[in-house]
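Colleague: I'm new to this structure, so please pick one part, give me a close look at it, and then place it in the whole chain.

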Amino acid sequence: GSVRMLTRKAKAVYGPYEHCDGKVGKALAFEYTSDPAYRGRDSFTARVRYSDGEIRHGRYEIEVR
């Protein structure tokens, strides 16, 4: 499959920073598109550098049905 990174408007859900919950703002999103005939598990990793220089890594598991 393929993955592209984009931004969307989303409501914040921070847990320990509940005073921010529900506020709408820009959020990082990943759009995953599987190969047309593929069914099963897939995954991808992402490395994102934020505007303050912080780098975060993530691994995402996907089930394609």
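Modeller: Happy to; here is the hairpin, followed by its surroundings. This is a predicted model, where local features need pLDDT of at least 70 and side-chain atom pairs count only at pLDDT 80 or more, while totals for chains, interfaces and linings use all residues. Residues are numbered from 1 along each chain as its sequence is written, and side-chain values use heavy atoms, leaving out hydrogens and water.

The hairpin is formed by β3 and β4, with 5 residues between them. Strand β3 covers residues 40-49 and strand β4 residues 55-64, and the two pair in the antiparallel sense over 10 bridges (pairing takes at least two DSSP bridges). One bridge joins Ser 43 to Glu 61 in β4. In the turn, Gly 53 has a positive phi of about 95 degrees.

Stepping back, the protein chain has 4 strands and 0 helices (DSSP runs: E of at least two residues for strands, H or I of at least four for helices, numbered from the N terminus). Along the sequence, the pattern reads β-β-β-β. The radius of gyration of the protein chain, taken over C-alpha atoms, is 15 Å, well over the 11 Å that the globule rule (2.2 Å times the number of residues to the power 0.38) gives for 65 residues, so the chain is more spread out than a compact globule. The C-alpha trace spans about 45 × 25 × 20 Å along its principal axes. Of the 65 residues, 14% count as buried, meaning under 20% relative accessible area with a 1.4 Å probe, protein chains only.

Terms used: Buried < 20%, exposed > 50% of the residue type's maximum accessible area, 1.4 Å probe, protein only.
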